[in-house]
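Subject: Structure for your review

Dear colleague,

Please find below the structure that I am handing over to you. My notes on it follow the display.

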Amino acid sequence: MSICDSIKKKYIRLSKGQRKVAQFVIDNPNIIATQVASEVGRQAGVSESTVIRFCYAMDLSGFSELQQKVKDYLIEKDGVAPVAVKARTGKKQHIPSNEVMTRDIDSIANAMQNINEKDFNNTIDVIHSAERIFVLGVRSCAPAAFWLYTKLGAYRDHVQLMSYNAEKIAIDLTQMNEKSVLFVVGVNEQQEDVMAVVELAKRKNVKLVAITDNVPCPIQEQADLLFTIGTAEGDFITSDVAVFSLLHSIVECMVMQNKEHYESVRTQNTQSIPSSLIQLV
């Protein structure tokens, strides 16, 4: 079975962004065979990470294997190897700032439609009652996790940022119990290492609040509260904008419910934060 036939067979099970990649592969095999994943994503109108996730969805090891299968398909079909076409050169494309900001607005609006108001309010209640709050986000999700850590840490005691270090994680896990909350910011994909931490935390009956870009996903079965943030194009950069907006909404609504108390704590905590971090709070 050719790679194009395999794609058609699995097409219905792909996510919306992955379907765009699938159609692009079928329509433009020569580009797939000769260009890098980032360029394929640009021309297909999706992110590079969506191209890679498409490869995994097709049970391939990565983009290199997809390229090889497409080359084999072209050789069998045309009898010749694909020839690379030089990328078009010229002036850099000017993208108006309002176009980018409009996409950000659309991303936030899309996220708002997916947010369950009851889950949102329950998340705030969980934060109020938690004795300890742990925040985990690795790789591309680390900036959002760090932002949440600094913001919550300004208004609350016992907020800890988990770094993916075996020794540090082991210490964090010993401090978790049924009165703890674990925030997992995993916008782009659920990595095996993150899931390992989640499973250990759930054994301690920790409340799990998770943010992901797609469902179904591995963390869905473990999460007590789940927020799905994504865009129709699968663009992780605009997804990040929506994630920061969601996290900001959670913190702001938490403070608004007991503003006098939290503002008092913020004043005390800001005095103990290193000066290099104060500007981030």
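The paragraphs below describe the chain as a whole, then the sheet, the helices and two individual residues.

**The chain as a whole**

Please bear in mind that this is a predicted model. The protein chain contains 14 helices and five strands. Of its 281 residues, 43% are buried. The chain exposes about 15500 Å², and carbon and sulfur atoms supply 51% of that area. Among contacts between residues at least 6 apart in sequence, 69% join residues at least 24 apart.

**The sheet**

The five strands form an open sheet in the order β2-β1-β3-β4-β5, and the pairing is parallel. The edges are occupied by β2 (159-162) and β5 (225-228); each has a single partner strand, so one side of each is left without a neighbour in the sheet. On average, neighbouring strands are turned by 15° against each other, direction ignored. As general background, strands of a sheet pair through backbone hydrogen bonds, either parallel or antiparallel.

The individual pairings can be followed from strand to strand. Five bridges connect β1 and β3 in the parallel sense, and F134 stands opposite L182 in β3. Strand β3 (residues 180-186) is in turn joined to β4 (residues 207-212) by six bridges, again with the two strands running parallel. Here V181 stands opposite K207 in β4. Finally, four bridges link β4 to β5, which also run parallel; F227 in β5 is the bridge partner of I211.

How are the side chains of these strands placed? In a regular strand, side chains alternate between the two faces of the sheet. Strand β5 shows this alternation: L225 and F227 point to one face and are buried, while L226 and T228 point to the other face and are not buried. In β3, by contrast, both faces are covered. S180, L182, V184 and G186 lie on one side, V181, F183 and V185 lie on the other, and all of them are buried. That accounts for seven of the seven residues in β3.

**Helices packed on the sheet**

Two helices that contact the strands deserve mention. Helix α8 (residues 117-129) lies across β1 (132-136), β3, β4 and β5, and runs at about 130° to β5. Helix α9 (residues 142-155) also packs on the sheet, where it touches β1, β2 and β3. The direction of α9 makes about 165° with that of β2.

**The pair α4 and α5**

Helix α4 (residues 37-44) packs against helix α5 (residues 48-57) at an angle of about 105°, with the two axes 8 Å apart. Angles from 65 to 115 degrees count as roughly perpendicular, and α4 and α5 are therefore roughly perpendicular to each other. The contact brings A37, S38, V40 and G41 of α4 together with E48, V51 and I52 of α5. By class, four of these residues are nonpolar, two are polar and one is charged. Within α5, the residues T50, V51, R53, F54 and C55 are buried; V51 thus appears both in this group and in the contact with α4. Just after α5, D59 takes a positive phi of about 60°.

**Two individual residues**

The first residue is K10, which lies in helix α1 (residues 3-10). Is this lysine buried or exposed? With a relative accessible area of 19%, K10 is buried, given that the cut-off for buried is under 20%. Leaving aside residues up to four places away in sequence, K10 touches A57, M58 and D59. D59 is the residue already mentioned for its positive phi.

The second residue is A130, located in the loop between α8 and β1. A130 has a relative accessibility of 7% and therefore counts as buried. Which residues does A130 touch, not counting those up to four places away in sequence? They are R156, K179 and V181. Although A130 and S180 are 50 residues apart along the chain, their C-alpha atoms are separated by 5.4 Å. Both V181 and S180 belong to the buried residues of β3 described above.

Yours sincerely

Key
Residues are numbered from 1 along each chain as its sequence is written. This is a predicted model: local features need pLDDT of at least 70, side-chain atom pairs count only at pLDDT 80 or more; totals for chains, interfaces and linings use all residues. Side-chain values use heavy atoms; hydrogens and water are left out. Axes are lines fitted to C-alpha atoms, for helices over the stretch in contact, and angles run from 0 to 180 degrees between N-to-C directions. Angles under 35 degrees count as roughly parallel, over 145 as roughly antiparallel, 65 to 115 as roughly perpendicular and the rest as oblique. Contact means heavy atoms within 4.5 Å. Ala, Val, Leu, Ile, Met, Phe, Trp, Tyr, Cys and Pro count as nonpolar, Asp, Glu, Lys and Arg as charged, and the others, Gly among them, as polar. Two strands pair if DSSP finds at least two bridges between them. Buried means under 20% relative accessible area, exposed over 50%, partly exposed in between (1.4 Å probe, protein chains only). Accessible areas come from the Shrake-Rupley method with a 1.4 Å probe; for residues, only the protein chains shown count as cover.
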